[in-house]
Amino acid sequence: MNTASINSPSDVRELTPETQFDASVIVRVSHLEVQAINDGDEPIVLVSDISFDVKKGEVLALIGESGSGKTTIALALMGYARHGCRISEGHIQLAGTDVTQLSARQLSQFRGSTVSYIAQSAAASFNPAMTLMEQVVEPVLIHGTMKRAEAEKKAVALFRELALPSPETIGKRYPHQVSGGQLQRVMAAMALIGDPEVVILDEPTTALDVTTQLEVLKTFRRVVKQRGTTAIYVSHDLAVVAQMADKILVLLKGRVAEYGTTEDLLQRPASAYTRSLLDAAQHLPRNSPWQPEDAPVSCLLEVREMAAGYGPLDANGQPKISILHDINFKLYPGQAIGIIGESGSGKTTLACAIAGMIVPSHGYILFNGSYLAGDMSARTLDELRRVQFVFQMADTALNPSQTIATILKRPLVFFHGLQGISLDARLKQLLDLVRLPHSILHRKPCALSGGQKQRVNLARALAAEPDLILCDEVTSALDSVVAAAILDLISELRRELKVSFLFISHDLHAVRSICDDIIVVNNGKMVTQVSRTDFDKPTSHLYYEKLKRAVPELRQGWLDEQDSDVV
């Protein structure tokens, strides 16, 4: 089997000896090492002894946890290292060119023509002040390989090939005028317009909801196959990788844990770490401490006929941009309810309205049987304490200039008036609750991993000792192993603290693994509510069935089985 243990990297280098003089090999990486320099001018090895080959038309996936070196390796293929980093050892050959020997001017010409890059967040990669067409044709105009008229004609052909709507006119739009899935495909057009030998796809569907992800995956896979494109696919999602890759390189802490064909790694993993990735990708259901028969007569939270949106109200009391319409549901003490739906369906707006960050234009919110003011500023201190919010991006939710101790002290002082020894003791108790070492108290968020930051995010919510925690996509930015650990933690907190959760996500697997009920939202309306016992049963609700079918399964061939009407 084409696999190797992390403890024997020499085996990895022997995986493809037959390609030593194989002209079909487009990408060859030998003993790659990338270093960073810390504040003390000391070298820190980010990735070490990385070797692999990719033949023409093959797709190689780089997978592993956040920080394992996936993107570092992908960027190195373009001769690029982040600020403060450098390619310190090894050779990188792309289409017969030794990338490590190119000058800055040669690299500028090399990127976009021989190798191109599709980033994770298309929204952050486009210039909002330029039309899509201006940005898609820019690479070939800069390199001088096409005249504008010819480039625009080719761009339209690519828009059509990538199944974009109105291919003749979509280029006249600005980035904010198309959906996330469309923008990701426009980025693919930008990457392909120069006919590169190699395309690097860096987590291109991570930020997309399941139905949009399916649409983009099918498009990418079709285009890669039809064009015979050689591709490097960076991801932490094994189910996605199973649909796209011919071979997989598994990374752990900057080294190769395992390397082989997709079939071998999925069916016969040799590395314990690969097996842990597979286990995390199974999304096994967690035991719930809440049972429907245990529900008391009175509920914790009741939402009645809620409508909400954004902008000033008109003469009829309706917001300029209406998002939610007639939302009704109940949540009981200790229960966890999942809210799912596509991007733009109103999930986050619902959570913000419950938290008081958006004032509902109609309807009521009852908490413990009492009416809750729609505006957060009109709520009592105790009402604010009882409902806490955990945001999606811990990077932006935690103040980067403050230590973890300062971040966690604030709710303890604000809600409970703690100080001195009692405050310090409670800080340590909170870290114990979320399984973090006490040593992080004096660190700042930038010194923590993504999973650690999300645990701090949870600890801050728990500091208030709430009855209800609103979790908004808290695992979407995390790799599968870390996300599974966060889901385990939430399940443990439910058992230990009897806290209720409203869990908002587009990841149906995550929601099903920890929630007692699922509320399905589409276009701002509640489509259906499904209980835990009925999760796997067929329903008459077509939209819910569509969401279920759009979740990738951890097996090869799943993408080929999806009907075109799913997307």
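Helices here are DSSP runs of type H or I with at least four residues, strands are runs of type E with at least two, and both are numbered from the N terminus. Keep in mind that you're looking at a predicted model.

**Exercise 1. Place Glu465 in the chain and say what is unusual about its backbone.**

Step 1: find the neighbouring elements. Helix H17 covers 450-463 and strand S17 covers 468-472, and Glu465 sits in the loop between the two.

Step 2: look at the backbone angle. Phi of Glu465 is positive, at about 60°, and the residue is not a glycine. To see why that catches the eye, recall that most residues other than glycine have a negative phi.

Step 3: is Glu465 buried, exposed or partly exposed? Its relative accessibility is 42%, so it counts as partly exposed; that class lies between the cut-offs of 20% and 50%.

**Exercise 2. Start from Asp326, then work out what surrounds Arg304.**

Step 1: Asp326 belongs to strand S12, residues 319-331. Here's another residue other than glycine with a positive phi, this one near 50°.

Step 2: go across to Arg304. Strand S11, residues 301-313, holds Arg304. Along the chain Arg304 and Asp326 are 22 residues apart, while their C-alpha atoms are separated by 7.5 Å.

Step 3: list the contacts of Arg304. Leaving out residues up to four places away in sequence, Arg304 touches Ile327, Asn328, Gly363, Tyr364, Leu366 and Tyr371.

Step 4: check the surface. Arg304 has 30% relative accessibility, so it counts as partly exposed.

**Exercise 3. Classify two aromatic pairs.**

Step 1: how many aromatic pairs does the count give? It comes to four.

Step 2: take Tyr364 and Tyr371, both touched by Arg304. Their ring centres are 5.5 Å apart and their planes meet at 65°, so this pair is edge-to-face. The cut-offs that matter are centres within 6.5 Å and planes over 60 degrees apart.

Step 3: now try Phe414 and Phe415. With 5.0 Å from centre to centre and 80° between the planes, this aromatic pair is edge-to-face.

Step 4: compare one partner from each pair. Tyr364, at 48% relative accessibility, counts as partly exposed, whereas Phe415, at 18%, counts as buried.

**Exercise 4. Describe the enclosed spaces.**

Step 1: count them. There are two cavities of 30 Å³ or more.

Step 2: take the largest cavity, which holds about 80 Å³ of space. Its lining includes Ile118, Leu162, Phe220 and Thr229. Helix H7 (180-192), strand S7 (198-202) and H8 each supply at least two lining residues, and H8 gives the most, with three.

Step 3: sort that lining by class. You get 10 nonpolar residues, one polar and no charged.

Step 4: do the second largest cavity. Its volume is about 50 Å³, and Val34, Leu46, Thr72, Leu75, Tyr80, Ala81, Arg82 and Cys85 line it. The classes are six nonpolar, one polar and one charged. Arg is classed as charged and Thr as polar, so Arg82 and Thr72 fill those two single slots.

**Exercise 5. Explore the second largest pocket, then zoom in on Glu545.**

Step 1: the second largest pocket contains about 990 Å³ of space. Of its 47 lining residues, His283, Asp507, His509, Ala510 and Val551 lie nearest the centre.

Step 2: ask which elements contribute. Among those that each supply at least two lining residues are helix H8 (210-227), strand S8 (230-235), helix H18 (480-497) and H20.

Step 3: sort by class. The lining has 20 nonpolar, 13 polar and 14 charged residues.

Step 4: H20 covers residues 542-549 and contains Glu545. With 15% relative accessibility, Glu545 counts as buried. Neighbours within four places aside, Glu545 is in contact with Lys537, Pro538 and Thr539.

**Exercise 6. Set the two annotated stretches side by side.**

Step 1: check the record. An unreviewed UniProt entry lists "domain: ABC transporter" for residues 27-278 and 301-548.

Step 2: describe each stretch. Residues 27-278 are 38% helix and 28% strand, with 27 Å between the end C-alpha atoms. For residues 301-548 the figures are 37% helix, 27% strand and 27 Å.

Note on methods:
Residues numbered from 1 in each chain as written. Predicted model: local features only at pLDDT ≥ 70, side-chain atom pairs only at ≥ 80, totals over all residues. Heavy atoms only, no water. Buried < 20%, exposed > 50% of the residue type's maximum accessible area, 1.4 Å probe, protein only. Contact = heavy atoms within 4.5 Å. 1 Å grid on protein atoms, 1.4 Å probe; cavity = no way out; pocket = protein on both sides within 12 Å on 5 of 7 lines; lining within 4 Å. Points joined across faces, edges and corners; volume = space filled by probe spheres on them. UniProt positions renumbered as here; feature names shortened; annotations may be inferred. Phe/Tyr/Trp six-rings, centres within 6.5 Å; stacked < 30°, edge-to-face > 60°.
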